[in-house]
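Please look over the sequence and the model before reading on. The report is written for a reader who has not met this structure before.

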Amino acid sequence: MTPTPTPAPTPAAGPSRRAVLGSAALAAALTLTATASPAATAAPSVSRTPKSPTDKDVWPSEYPLPDGWLPEGIAIGGKPYAYQGSRANGGILRTDLRTGEGTVLYAGGTGQVSVGLKLDHDGLLYVAGSTGVARVIDSRTGLLLTTHQLSAAVGHFINDVTLLGDRAWFTDSRDAVLYGVPRGRTDGEIRALPLTGDWVQLPDVNNANGIVGTPDGRGLIVVKSTPGELYNVDVRTGHATRIALVGASDVVNGDGLYRIGRTLYVVQNRLNLISVWSLDRTATTATLTRTIADPRFDVPTTAARYGDRLYLVNARFTSPQLPETTFTAVAVSI
């Protein structure tokens with residue numbers, strides 16, 4: 001995810017992601033308003049003719065999100081439901097992957113933003129909230145359970161999240177720190193993990209973005225959107241080792257990450273592609289094996305998996321971010 005607290009030039013063309021975040025002021029004009037109850041309510045513009053719940057061949061490979069939703073993150077658990085966050089008001093939309101029908105699970109609120117999402121096995125949804133915050137939402141009821149203040153609101157961008165061990169780990173695109181929030185419904189100390197080693201924080205651009213665990217479960221892989229690098233981070237010390245790339249010089253515009261075994265999928269948003277990498281045993285070298293492109297991609301940001309598909313939301317950062325702007329999610333085979 002790459003909307004930012006302050007505008008900043010990047011190597012890629014197109015408006016800055018903070019410029020996109022600025023469109024959050026349009027939340028009041030959305031059909032889905034912050035005044036709705038946090039309980040699930042029907043979302044406009046997302047109806048679909050019901051498909052067979054058992055035949056995956058007829059499940060939609062593209063479905064609409066509400067107009068003006070401003071999507072960024074997507075999460076899927078063990079059941080065929082996708083959760084998509086809104087940068088406009090922080091709402092969460094739950095979509096049945098079998099039909100493409102969506103309902104608003106969490107209505108959000110004025111000034112809220114939802115970017116990176118991860119769904120835990122206990123039904124808790126961890127949400128990166130951009131302006132220094134992380135939220136925990138019950139995916140079954142839509143109730144907001146906890147809001148964690150990870151950093152100051154200004155000068156920080158809490159961007160993406162992954163689950164590893166007993167913590168949910170959040171990136172801050174504007175500071176060289178990862179934040180570990182205890183998983184579950186019990187309170188615990190939030191851990192701030194400064195990034196050291198090969199990591200060099202660049203000013204006025206998005207740095208740490210997407211994040212996943214390493215194949216051995218002992219560390220974290222973080223993509224640095226600018227200039228397009230991957231790092232293996234020791235979760236005990238914060239030491240970041242730059243991952244050597246073979247087959248391509250960079251992963252510029254790297255956004256969401258998804259890993260299956262030693263295969264790492266990197267969503268490169270404004271390039272409208274997913275680069276697929278094979279990690280070595282130590283996750284310090286990544287070899288490009290292929291890329292996935294699709295004419296339906298329109299600045300995809302993050303990916304989540306169900307079965308043999310990756311589902312992505314189109315953030316459309318190069319299009320006007322208005323209440324009437326249309327948005328979709330698409331699925332590609334892996």
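The text below covers a pocket, two cores, a run of paired strands and some backbone details of this model, which is predicted.

**The largest pocket**

The largest pocket holds about 420 Å³ of space. Its lining is made up of 20 residues, and those nearest its centre are I76, K118, T162, Y258 and R259. By type, the lining has 12 nonpolar residues, five polar ones and three charged ones. At least two lining residues come from each of β3 (71-76), β7 (117-119), β11 (158-164), β16 (208-213), β21 (254-260) and β25 (300-306).

**The nonpolar cores**

In the largest nonpolar core there are 19 residues, and the ones that touch the most other members are Y63, L65, I74, I76, L97 and Y311. Two or more residues of this core are given by each of β2 (62-65), β3, β25, β26 and β27. The largest share, three residues, belongs to β27. Another core lies apart from this one; it has 16 residues, including V113, Y126, I158 and F170.

I76 appears twice in this account: it is among the residues nearest the centre of the largest pocket, and it is also one of the core residues that touch the most other members. L97 can be followed further. Beyond its neighbours within four places in sequence, L97 is in contact with W59, P60, Y63, I76, P80, Y81, A82, Y306 and Y311.

**Strand β5 and its partners**

Is strand β5 largely enclosed or largely open? Four of the five residues of β5 (residues 92-96) are buried, so the rest of the structure largely encloses this strand. β5 pairs with β4 (residues 81-86) in the antiparallel sense, over five bridges, and A82 stands opposite T95 of β5. β5 also pairs with β6 (residues 102-106) in the antiparallel sense, here over four bridges. In this second pairing I92 stands opposite Y106 of β6.

Both pairings are hairpins. Five residues lie between the strands in the hairpin of β4 and β5, where G90 has a positive phi near 80 degrees. The hairpin of β5 and β6 likewise has five residues between its strands, and G100 in its turn takes a positive phi of about 80 degrees.

**Backbone details in the loops**

T226 and P227 are joined by a cis peptide bond, with omega about 10 degrees. P227 belongs to the loop between β17 (219-224) and β18 (229-234). Two residues other than glycine have a positive phi, as the table shows.

| Residue | Phi | Loop |
|---|---|---|
| A283 | about 55 degrees | between β23 (273-279) and β24 (285-293) |
| R316 | near 55 degrees | between β26 (309-314) and β27 (327-333) |

Why does A283 count as buried? The reason is its relative accessibility of 1%, set against a cut-off of under 20%.

The loop between β26 and β27 also holds T318. T318 is partly exposed, because its relative accessible area is 49% and the class of exposed residues begins over 50%. The C-alpha atom of T318 is separated by 8.2 Å from that of R270, although the two residues are 48 residues apart along the chain.

Technical notes: Residues are numbered from 1 along each chain as its sequence is written. This is a predicted model: local features need pLDDT of at least 70, side-chain atom pairs count only at pLDDT 80 or more; totals for chains, interfaces and linings use all residues. Side-chain values use heavy atoms; hydrogens and water are left out. Buried means under 20% relative accessible area, exposed over 50%, partly exposed in between (1.4 Å probe, protein chains only). On a 1 Å grid over the protein atoms alone, a cavity is a set of points where a 1.4 Å probe fits but cannot get out, and a pocket is an open set with protein on both sides within 12 Å along at least five of seven lines; lining residues have an atom within 4 Å of a point. Grid points are joined across faces, edges and corners, and a volume is the space filled by probe spheres set on the points. Ala, Val, Leu, Ile, Met, Phe, Trp, Tyr, Cys and Pro count as nonpolar, Asp, Glu, Lys and Arg as charged, and the others, Gly among them, as polar. A nonpolar core is a set of buried Ala, Val, Leu, Ile, Met, Phe, Trp, Tyr and Cys residues joined through side-chain atoms within 4.5 Å. Contact means heavy atoms within 4.5 Å. Two strands pair if DSSP finds at least two bridges between them.
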